[in-house]
Amino acid sequence: MTYTLNSGIKGTVPLSPDQIKIWMECYKNDVKFVTEIGQEFFGLNPELVADFKVHNKYSSYQETILPISQAQHSNLNQQQLSSAYKKSELLIKVECKCGASYVTHSPLKRTKWFCNECNEIVFLDMKKGLVDTPKGPAHYMTNKYFVERDSVTPAKEHGN
C-alpha cells in the first residue's frame, strides 16, 4: 500500500490481504492502525492520511518489490556495490607525536586527519608521497614535524 500524509510525505508499506482489510476498517472508522510487518511494528493514523492506494498483482508497483527468493541476488548486488566503494578507498599511514602509528582507510584523499589515540590533527606530507605498509602503499600523515601544505589559494597578507 502507498499512502500520502496530509503534509505531502509519501510512504509505502507491504501489507498482507488481512492487514489491508484491517487498515480499511481503521480508515473508515478513524481508528489508529498498528500492525506487525516482519519483526517490526508499523502504525498509521488515518486522520493524517490524505490518500492511499492498495497495490495488487496487476499494478506497476509490484515490479519494484523483490520476492524473498531473490534475496541472494540482492546480496550479490550489495557485495558488488561494497567492493566498488572499497576500490576507491585510500590507505593512510598515521604517525602521531603521541606515539600512535597505524594504517587506516579513507574514502577520499584528505590533507588533514585526526589521530585515533589522542585526537590531535595530523597532516598529509605530500613531499613524502606514498609509503609502503603491510596493507599496501599509503599516504603518509604526521604531526611529528612541520608539514608544508601546498594551498590552492594564496595566503592572506596581514595588513598595515
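**Sheet and nonpolar cores of the predicted model**

In this predicted model, three strands form an open sheet in the order S2-S1-S5, and their pairing is antiparallel. The edges of this sheet are occupied by strand S2 (10-12) and strand S5 (49-53), each of which has a single partner strand, so that one side of each is left without a neighbour in the sheet. On average, and with direction ignored, neighbouring strands of the sheet are turned by 20° against each other. The pairing of strand S1, which spans residues 2-5, with S5 is antiparallel and runs over four bridges; within this pairing, leucine 5 has valine 49 of S5 as its bridge partner.

Valine 49 also belongs to the largest nonpolar core, which is made up of eleven residues, namely Met1, Tyr3, Val13, Leu15, Ile20, Trp23, Cys26, Phe33, Phe42, Leu44 and Val49. Two or more residues of this core are given by each of two elements, helix H1 (17-29) and strand S4 (40-44), and the largest share, three residues, comes from H1.

The surroundings of one core member, phenylalanine 42, can be described in further detail. When neighbours within four places in sequence are left aside, phenylalanine 42 is in contact with Tyr3, Val13, Phe33, Val34, Thr35 and Ile37; of these residues, Tyr3, Val13 and Phe33 are themselves listed in the largest nonpolar core. A second core, separate from that one, consists of ten residues, among them Ala100, Val122, Leu124 and Met141.

Notes
Residues are numbered from 1 along each chain as its sequence is written. This is a predicted model: local features need pLDDT of at least 70, side-chain atom pairs count only at pLDDT 80 or more; totals for chains, interfaces and linings use all residues. Side-chain values use heavy atoms; hydrogens and water are left out. Two strands pair if DSSP finds at least two bridges between them. Axes are lines fitted to C-alpha atoms, for helices over the stretch in contact, and angles run from 0 to 180 degrees between N-to-C directions. A nonpolar core is a set of buried Ala, Val, Leu, Ile, Met, Phe, Trp, Tyr and Cys residues joined through side-chain atoms within 4.5 Å. Buried means under 20% relative accessible area, exposed over 50%, partly exposed in between (1.4 Å probe, protein chains only). Contact means heavy atoms within 4.5 Å.
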